[in-house]
Amino acid sequence: MYGVLPQDAQTYWQLLSRQLHCYGVVGICEQLVWPSNLLQHWRDPNLLLSQTCGFPLVTLLEQQVQLVGVFSYQSPYCSGEYYRSLVVVREDEEGQKLADFRGRRVAYNSIDSQSGYNALRALIAPLAVNGRFFSYGIASGGHYRSIDMIKQHQADIAAIDCVSFALLQRANPSAVAGLKIISQTEAAPGLPLITSLSTSEEQLLLIRQAISATVNSPVAIAAKNPLLITGFSVLPWSAYDVIKRMQTKAFALGVTTL
């Protein structure tokens with residue numbers, strides 16, 4: 001789900017798919033796909049390997065998929081396999097902290113996003129009055145579009161996950177020029193890799209071994225660097241409870257939407 005350029009992800013997938021073959025994993029697609037209906041894709045009973053977001057994982061996919069693991073990414077705002085969102089505004093704004101942006105327009109990628117929606121909702125909840133902090137929210141459809149909307153004065157503020165921000169900053173520095181970071185959300189485990197419930201325990205183990213071998217292979221350095229991948233870990237489902245707690249915190253304070 002990361003990568004400014006799709007060919008970067010495809011290059012890495014070619015190396016990973018070879019390792020999967022070597023480890024005896026069956027049912028491998030040669031080409032990566034980016035489905036238009038993500039929820040249907042994630043729930044596919046034949047799904048071998050995909051990457052989802054932590055929020056739909058705990059709200060829509062629990063007991064419907066198996067956790068494979070999570071990548072670690074190179075960003076000054078990541079801590080191992082944990083990441084957070086950066087709350088960004090225009091650099092020429094007088095406000096320097098989140099409270100200064102009460103009543104402003106917020107852009108978010110989608111309501112099922114951990115980084116762009118759920119984490120930000122939990123962050124602003126203590127500042128809300130009668131369940132509201134921003135004047136209104138705008139669904140942008142993606143983090144990079146949220147950034148564009150801020151720069152074009154169509155929105156004032158957004159939460160951008162730190163990996164997406166780092167990828168865009170490296171690929172196109174001018175795209176984030178003129179922005180400043182005024183806050184950060186609580187950290188959560190990164191975007192989980194998943195497989196279907198029909199994947200056997202043996203196949204799941206082989207998938208994990210193949211991913212680890214790819215991440216740790218010197219041959220893969222040139223392929224993983226463009227994606228900022230630095231490692232791979234296996235986390236329990238309970239690691240993602242922090243995402244549920246963010247939602248519970250916001251709801252308890254009367255904040256159900258941005």
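**Notes on the pocket, the cavity and the packing**

1. The largest pocket has a lining of 49 residues, and those lying nearest its centre are Met 1, Tyr 2, Trp 34, Leu 38 and Gln 51. Keep in mind that this is a predicted model. The volume of this pocket comes out at about 1400 Å³.

2. Which elements build that lining? At least two residues each come from helix H1 (6-22), helix H2 (38-42), strand S1 (50-51), strand S2 (65-73) and helix H5 (143-151). H1 gives the most, with five residues. If you care about the chemistry of the largest pocket, its lining splits into 31 nonpolar, 15 polar and three charged residues.

3. Now the enclosed space. There is one cavity of 30 Å³ or more in the structure, and the largest cavity holds about 40 Å³. Its lining consists of Tyr 2, Phe 71, Ser 72, Tyr 73, Cys 78, Gly 80, Glu 81, Tyr 82, Tyr 83, Val 163 and Gly 190. The elements that supply two or more of these residues are S2 and strand S3 (82-83), with S2 giving the most at three residues. By class, the count for the cavity lining is seven nonpolar, three polar and one charged. Note that Tyr 2 turns up here as a lining residue of the largest cavity and also among the residues nearest the centre of the largest pocket.

4. On to the sheet. Four strands form an open sheet in the order S1-S10-S2-S11, paired antiparallel. The edges are S1 and strand S11 (229-233), each of which pairs on one side only. S2 and S11 run antiparallel and are joined by four bridges; Ser 72 stands opposite Gly 231 in S11. Helix H8 (residues 201-216) packs on this sheet, where it touches S2, strand S10 (192-196) and S11, and its direction makes about 10° with that of S2. Ser 72 is also one of the residues lining the largest cavity.

5. Have a look at helix H6 (residues 162-171) too. Why is H6 described as largely enclosed by the rest of the structure? Because seven of its ten residues are buried. Those seven are Cys 162, Val 163, Ser 164, Phe 165, Ala 166, Leu 167 and Leu 168. The cover over them includes S2, S3, strand S4 (85-90), H5, strand S7 (157-161) and helix H7 (173-176). Val 163 appears in the cavity lining as well.

6. Ser 146 is worth a click. This serine sits in helix H5, an element that supplies at least two residues to the lining of the largest pocket. Buried or exposed? Ser 146 has 1% relative accessibility, so it counts as buried. Leaving aside residues up to four places away in sequence, Ser 146 touches Ala 107, Tyr 108, Asn 109, Ser 140, Ala 158 and Ile 160.

7. Last one: Gly 54, in helix H3 (residues 54-59). Its relative accessible area is 2%, so Gly 54 is buried. What does Gly 54 touch, apart from residues up to four places away in sequence? The contacts are Pro 192, Tyr 240 and Ile 243. For a sense of distance along the chain and through space, Gly 54 and Thr 257 are 203 residues apart in sequence, while their C-alpha atoms are 18 Å apart.

How values were computed:
Residues are numbered from 1 along each chain as its sequence is written. This is a predicted model: local features need pLDDT of at least 70, side-chain atom pairs count only at pLDDT 80 or more; totals for chains, interfaces and linings use all residues. Side-chain values use heavy atoms; hydrogens and water are left out. On a 1 Å grid over the protein atoms alone, a cavity is a set of points where a 1.4 Å probe fits but cannot get out, and a pocket is an open set with protein on both sides within 12 Å along at least five of seven lines; lining residues have an atom within 4 Å of a point. Grid points are joined across faces, edges and corners, and a volume is the space filled by probe spheres set on the points. Ala, Val, Leu, Ile, Met, Phe, Trp, Tyr, Cys and Pro count as nonpolar, Asp, Glu, Lys and Arg as charged, and the others, Gly among them, as polar. Buried means under 20% relative accessible area, exposed over 50%, partly exposed in between (1.4 Å probe, protein chains only). Contact means heavy atoms within 4.5 Å. Two strands pair if DSSP finds at least two bridges between them. Axes are lines fitted to C-alpha atoms, for helices over the stretch in contact, and angles run from 0 to 180 degrees between N-to-C directions.
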